[in-house]
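Biologist: I have the sequence and the model open. Can we go through the contacts between the two chains, then the strands?

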There are 2 protein chains.
Amino acid sequence: MSNPIAVLVDGKALAPDDARDWPLDRGLQYGDGLFETMMVRGGHIRFADLHRQRLAKGCERLRLRLAQAPLWEQAASLAGIHGDAVLKLLVTRGPAAQRGYGTSGQEIVRTVLYAFAPSNPADIPADVHVVTLKARLGENPALAGLKHCNRLEQVLARMELQPTGAFEGLMGTGSGRLISGTMSNVFLDTDDGLVTPALDQCGVDGVMRAVALRAAEAMGLPVRIAAVPWSALRTCRGLFLTNVRLGVLPVGQLDGRVLQVGEAMRALARTVAAS
Amino acid sequence: MSNPIAVLVDGKALAPDDARDWPLDRGLQYGDGLFETMMVRGGHIRFADLHRQRLAKGCERLRLRLAQAPLWEQAASLAGIHGDAVLKLLVTRGPAAQRGYGTSGQEIVRTVLYAFAPSNPADIPADVHVVTLKARLGENPALAGLKHCNRLEQVLARMELQPTGAFEGLMGTGSGRLISGTMSNVFLDTDDGLVTPALDQCGVDGVMRAVALRAAEAMGLPVRIAAVPWSALRTCRGLFLTNVRLGVLPVGQLDGRVLQVGEAMRALARTVAAS
């Protein structure tokens with residue numbers, strides 16, 4: 001029971017040969033893949049090394065046999081062509097060699113590179129409002145940290161966020177931990193100093209989170225990585241979001257409560273923007 | 001920032017227009033979709049009503065705007081052509097209208113129907129061996145029960161299962177609950193009678209599970225639906241698996257321990273096979 005004997009897409013039999021293996025892609029069927037979203041400035045991928053390392057680690061954990069070098073050459077070349085852009089890189093386990101969840105180990109990984117027009121800075125409000133969401137993140141150490149393609153939790157979270165009009169929504173676990181935003185990592189300014197949630201149970205190990213941690217260390221600003229209870233959101237003085245598109249983004253309001261944007265947070269944002 | 005300005009697939013620019021929107025499919029990017037796997041016998045889809053109901057409920061929960069009627073006409077037609085087959089139906093949110101997890105609500109859902117050659121009965125061993133797996137299921141009520149396309153947990157579980165040589169592997173949660181097999185639901189024969197795990201936190205609400213529950217009720221065989229602790233696997237007398245391909249499948253050994261296959265279990269398997 002390997003290849004299907006018939007495939008209908010939107011009711012029509014699949015004809016063109018080169019479209020034939022898309023419906024069989026394990027990315028499509030199971031979200032069996034990884035991705036990276038990268039900023040291109042002046043023809044170069046920002047933080048390319050960190051993206052490469054994360055992708056390599058993810059491929060190892062999901063046992064995706066990807067030839068990294070040619071892919072990154074293609075990405076660099078596309079970055080050079082487009083100058084300023086958002087580059088998305090998708091790696092899937094490719095067309096299924098058999099029906100079902102099991103892998104044969106012989107799958108030919110598929111890679112897709114997308115260049116998008118650069119973000120419009122006007123899309124980021126000067127006063128960033130954030131809300132807490134009911135949408136949860138399931139806990140599974142085997143997937144924690146990975147930027148994998150199982151993103152229904154984020155899709156549902158964005159549906160909950162949209163009608164609020166807020167810029168970002170924060171998500172926690174059923175066990176009562178704060179983890180991240182729908183598309184960003186989060187750092188809290190608390191009585192015990194700066195803290196960012198540990199990502200041992202779920203969440204994405206964000207490249208900008210790593211950049212911010214590195215910058216904070218260089219500035220002598222201690223940041224703890226720890227389990228953060230959801231309740232910490234009620235008492236924190238301030239918070240900021242990180243993602244590669246946003247950099248370090250201080251938050252003005254959380255669920256309507258005005259937050260402090262301290263000088264240390266501003267300095268970190270400036271340092272990261274200039275790096 | 002909507003459509004990409006360039007797309008490379010495996011290093012080549014996408015040329016044919018009709019393949020162009022596959023890489024943008026939200027199924028591929030986020031596993032943003034649902035599926036059904038159905039058995040076709042004598043040109044008819046078995047338990048078609050239950051599959052329809054589950055898909056409709058799933059579409060509602062994920063807000064997928066699917067015209068059900070034409071899809072099920074296509075499925076019935078394909079079933080009629082192939083007589084005996086495994087039919088897979090995939091519904092995704094279709095090509096992304098924008099970058100990112102957020103939905104516009106205007107996405108055009110994509111449907112794919114696959115006909116596979118029927119299962120070989122010889123693939124199912126006479127003495128079914130099952131093992132417990134370390135691979136976990138994350139708990140998230142918003143996704144629990146759905147046959148959605150976020151299946152990396154099952155992919156990893158099958159990787160763990162494969163070298164054991166066992167037919168199926170059982171999965172639990174970080175909170176210590178037994179949920180299901182990698183591709184099946186599970187029923188335990190305990191001192192308190194038959195029980196199958198509640199699916200309020202995770203797991204797939206299997207069609208054959210519903211068929212078995214209905215058949216058990218008709219036979220006057222009580223089955224509890226409840227939270228089942230992982231430790232119940234150490235003490236249960238017997239267990240059986242359900243899925244539409246396997247029917248009700250009694251298990252001979254669990255982690256090497258020989259299980260009892262009681263008369264009630266056999267009767268249930270016969271009843272379901274004949275239904």
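Biologist: How many residue pairs are in polar contact between chain B and chain A?

Modeller: This is a predicted model, where local features need pLDDT of at least 70, side-chain atom pairs count only at pLDDT 80 or more, and totals for chains, interfaces and linings use all residues. Residues are numbered from 1 along each chain as written, chains are lettered from A in the order written, and side-chain values use heavy atoms, without hydrogens and water. A polar contact is a pair of N or O atoms within 3.5 Å, one able to donate a hydrogen and the other to accept it; residues adjacent in sequence count only if both atoms are side-chain atoms. With both residues at pLDDT 80 or more, the count between chain B and chain A is 18.

Biologist: How much area do chain B and chain A bury between them?

Modeller: Buried area is the accessible area (1.4 Å probe) lost on putting two parts together, summed over both. Of this area, 64% lies on carbon and sulfur atoms. The total for chain B and chain A is about 6,600 Å².

Biologist: Which three residues supply the most of what chain B buries against chain A?

Modeller: Their share is 13% of the area that chain B buries there, more than any other three residues. They are B:L28, B:Y101 and B:L152.

Biologist: How are the two copies related?

Modeller: Chain B can be laid on chain A with an RMSD of 0.0 Å, superposing C-alpha atoms of residues with pLDDT of at least 70 in both. That takes a turn of 180° and a shift of 0.0 Å along the axis. The relation is therefore as by a two-fold rotation axis.

Biologist: Which residue of chain B stands opposite A:V112?

Modeller: Strand 6 (residues 110-116) of chain A pairs with strand 1 (residues 6-9) of chain B, antiparallel, over four bridges. Strands are DSSP runs (E, at least two residues), and pairing needs at least two bridges. Opposite A:V112, in strand 1 of chain B, is B:V9.

Biologist: Which strands stand at the edges of the six-stranded sheet in chain A?

Modeller: The sheet is open, with mixed pairing, in the order 13-9-8-7-16-17. Each edge strand has a single partner, so one side of each lacks a neighbour in the sheet. The edges are strand 13 (228-229) and strand 17 (257-258).
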